[in-house]
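Colleague: I would like to study one part of this model slowly and from close by. Please take me through it in a connected way, and explain each term when you first use it.

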Amino acid sequence: MASLVLSSHSNCNYHLRSLLSVTRSINPTKIYAKRVTVAASSAIVGRKLRAAVIGGGPAGSSAAAALASGGVETFLIERDINNAKPCGGAIPLCMLDEFDIPMEIVDRRVSQMKVVSPSNLVVDFGKTLKPHEFIAMCRREVLDAFLRSRAERSGASVISALVTHFDVPENSDQPYTVHYAAAGRRAHLDVDVLIGADGVNSKVAKAIGAGDYSCAIAFQERIRLPEEKMKYYENMAEMYVGRDVSPDFYAWVFPKCDHVAVGTGTVCSKRDIKSFQRAIRHRARDKIEGGKVVKVEAHPIPEHPRPVRVRHRAALVGDAAGYVTKCSGEGIYFAAKSGKMCGEGIARASEGGTKMVEERDLRREYLKEWDSKYKSTFVFLDLLQRVFYGSDAAREALVELCGDEYVQKMTFDSYLYKKLAAGNPWEDAKLVANTVGSLMRCSVMGRDVLKV
Ligand SMILES: Cc1cc2nc3c(=O)[nH]c(=O)nc-3n(C[C@H](O)[C@H](O)[C@H](O)COP(=O)(O)OP(=O)(O)OC[C@H]3O[C@@H](n4cnc5c(N)ncnc54)[C@H](O)[C@@H]3O)c2cc1C
C-alpha cells in the first residue's frame with residue numbers, strides 16, 4: 001500500500017523517502033541473542049536496564065526515544081517499517097511542539113471545519129481559531145517514519161522483524177524473552193522490561209493476560225481529486241453525522257498532501273460499514289466527484305482501556321492500552337504521549353537504567369500519572385458520544401450547538417492544547433441551557449438522555 005502512494009506522488013513523498021532511508025540496516029538475527037539474567041537485587045551491575053518495545057507506531061517510537069534518552073538499553077521492534085497505518089492523520093497543535101515535529105511532516109493545516117447534520121445543516125466550526133491555530137493533517141507513513149528515526153537517533157536499536165511470541169517470567173529473577181522472525185530467520189531477545197505498543201491486536205496484551213476490550217471498525221478511502229476540487233479542501237476538513245453514515249460515530253473528509261481521506265466508523269453495526277462508506281461518499285458527492293480512489297483501508301479502533309495495562313515489568317501504551325477517545329476517535333497524540341510517559345517513567349524509576357524496576361514503579365510513574373491527567377477527558381468524551389450520537393435528533397442538536405462560538409472555543413482549546421479549557425461560569429450556564437434547548441427542539445429529551 002505504501003509503495004502505491006510512494007510511486008504516485010513524487011513531490012510530497014520526498015520527505016518520506018529520506019526518512020525511511022535513515023533507518024539503519026541491522027542483522028536482527030545475529031546481534032541480540034545474548035541472554036539477560038535479571039538482577040535479584042535492585043542494582044544492575046555491568047550493564048544497563050534492557051527494554052524491548054514492540055511496535056513502531058507513535059506509541060512505540062515515543063516510548064523507545066524516551067527510554068533510550070533516559071539511559072535504558074532499548075530495542076524497538078517493528079514488523080513493517082514501511083507501514084502506512086490506516087488513519088485520518090489529524091493531530092493537535094500541541095503535539096507539534098511537544099514532540100518537536102517539523103512542519104514538513106504536516107501535509108495540510110486545517111483552519112476551517114464544517115460539521116454537517118443528518119438534514120444537511122452545515123455549521124462552520126473553526127470560527128474562533130486564531131490565525132496561528134490549525135489542526136495538522138499528516139500521512140501516517142510520514143509521521144511514523146519520522147518518529148521511528150527520532151527513536152533511533154536517541155539511541156534505540158530498531159529491529160525490522162515480526163514478533164511471534166513471548167516467554168513471560170514466572171518469577172522476578174527471570175527475563176522476558178521476545179521471539180521474532182526477520183528475513184525468514186527466527187531469533188530471540190531477553191529483556192528486563194517489555195512495552196506493548198503493538199496496536200489493537202496486541203500480542204503483548206495477550207501474553208501478559210491484559211484482557212479484552214470492544215472495538216469499533218473504521219473504514220477509509222484515499223481519493224485523489226481533480227486539482228480544482230482539491231482547492232476546496234486545501235485547509236478544510238468536514239465531519240458528517242447521521243444514521244446513514246454511522247449509527248454511533250461520525251464520517252469524515254480530511255485533506256492530505258494531494259488527496260482526501262474519506263471514511264467512517266462504527267461499533268454497533270460493523271457488518272454495514274461498506275454501506276456507511278457509500279453514504280458518506282454520497283453526502284460529499286458534489287465535492288469529491290471525479291476523484292480516483294488510490295487506496296482503501298480498514299482497521300479496528302479500541303473503545304475502552306484494557307482491564308490491565310501494567311503487569312509485573314510489562315506495560316501497554318497507545319492502542320494496545322486502549323487510549324482512543326470516544327466521540328472524536330483521536331488516538332495518535334494519546335499513543336505518543338502514553339509511550340513517552342511510560343518510557344520516561346521507567347528511565348526515572350531505574351535511575352538512568354542502573355536499577356531494576358518493579359510493577360509498583362510502572363504503576364506509580366506511568367499509570368497513576370496517566371490516569372490523573374487523562375481519565376476525566378476519556379470519561380467526558382464517552383458521555384458526549386452517548387448523548388449526541390444516539391439518534392438523528394440528537395445529532396441535529398449537536399450540530400446546532402456546534403454553531404455556538406463558546407462551544408467552538410472550548411472544543412478547540414481542549415483539542416488543540418490537550419488541557420481542560422478554563423470556562424466562563426456565565427457562558428457555561430448558557431451552554432447548559434442551550435444544550436437542553438437544542439435537545440428539546442430536536443425532541444430527544446426524555447428517552448435518549450435518560451439512557452445515559
Ligand atoms: C481509519 C482510522 C482513522 C483514524 N484517524 C485518526 C485521526 O485522524 N487522528 C487520530 O488521532 N487518531 C486516528 N485514529 C486512531 C489512530 O490511528 C491510533 O490511535 C494510533 O495509530 C495508535 O498508535 P499506536 O502506536 O498505539 O498503534 P499503531 O499505530 O497501530 O502501531 C502499532 C505498530 O505495531 C506494529 N506491530 C503490531 N504487531 C506487531 C508484531 N507482532 N511485531 C512487530 N510489530 C508489530 C504495527 O506494524 C504498527 O506499526 C484512526 C484510526 C483509524 C483506524
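Modeller: Let us begin where Ser338, Met341, Cys342, Gly345, Ile346, Arg348 and Ala349 of helix 10 meet Asp361, Leu362, Glu365, Tyr366, Glu369 and Trp370 of helix 11; residues are in contact if their C-beta atoms, placed from the backbone, lie within 7 Å. The model is a predicted one, in which local features need pLDDT of at least 70 and side-chain atom pairs count only at pLDDT 80 or more, while totals for chains, interfaces and linings use all residues. Residue numbers start from 1 along each chain as its sequence is written.

By class, this contact of helix 10 with helix 11 holds 7 nonpolar, 2 polar and 4 charged residues (nonpolar are Ala, Val, Leu, Ile, Met, Phe, Trp, Tyr, Cys and Pro, charged are Asp, Glu, Lys and Arg, and the others, Gly among them, are polar). Helix 11 covers residues 359-388, and its axis lies 9 Å from that of helix 10, with an angle of about 150 degrees between the two (axes are lines fitted to C-alpha atoms over the stretch in contact, and angles run from 0 to 180 degrees between N-to-C directions). Helix 10 and helix 11 are therefore roughly antiparallel to each other (over 145 degrees counts as roughly antiparallel, under 35 as roughly parallel, 65 to 115 as roughly perpendicular and the rest as oblique). The crossing of this pair is right-handed, a term used when the near helix is turned clockwise from the far one by less than a right angle, with left-handed used for an anticlockwise turn.

Helix 10 also packs against helix 3, and here the axes are 7 Å apart at an angle of about 25 degrees. That angle makes helix 3 roughly parallel to helix 10, and the crossing of helix 3 with helix 10 is right-handed. From helix 3 the contact takes Pro58, Ala59, Gly60, Ser62, Ala63, Ala64, Ala65, Ala66 and Leu67, and from helix 10 it takes Ile332, Ala335, Ala336, Ser338, Gly339, Lys340, Cys342, Gly343, Glu344, Ile346 and Ala347. Sorted by class, the residues of this contact of helix 3 with helix 10 are 13 nonpolar, 5 polar and 2 charged. If you compare the residue names, you will find that Ser338, Cys342 and Ile346 of helix 10 take part in the contact with helix 3 and also in the contact with helix 11.

Helix 3, in turn, has helix 5 as a further partner: the axes of helix 3 (residues 58-69) and helix 5 (residues 140-153) come within 8 Å and cross at roughly 20 degrees. Helix 3 and helix 5 are therefore roughly parallel to each other, and their crossing is left-handed. On the side of helix 3 the contact is made by Pro58, Ser61, Ser62, Ala64, Ala65 and Ala68, while helix 5 brings Asp144, Leu147, Arg148, Arg150 and Ala151. The residues where helix 3 touches helix 5 comprise 6 nonpolar, 2 polar and 3 charged. Pro58, Ser62, Ala64 and Ala65 of helix 3 therefore deserve a second look, because they belong to the contact with helix 5 and to the contact with helix 10.

This part of the model also takes us to the ligand, which is surrounded by 40 residues, the closest being Gly55, Gly57, Gly88, Gly318 and Gly331 (a residue counts here if its C-beta atom, placed from the backbone, lies within 6 Å of the molecule). Helix 3 and helix 10 (332-349) are among the elements that each supply at least two residues of the shell around the ligand, and others that do so include strand 2 (73-78), strand 9 (162-167) and strand 17 (292-302); helices (H or I, at least four residues) and strands (E, at least two) are DSSP runs, numbered from the N terminus. Counted by class, the shell around the ligand has 18 nonpolar, 14 polar and 8 charged residues.

Definitions and conventions. Two residues are in contact if their C-beta atoms, placed from the backbone, lie within 7 Å.
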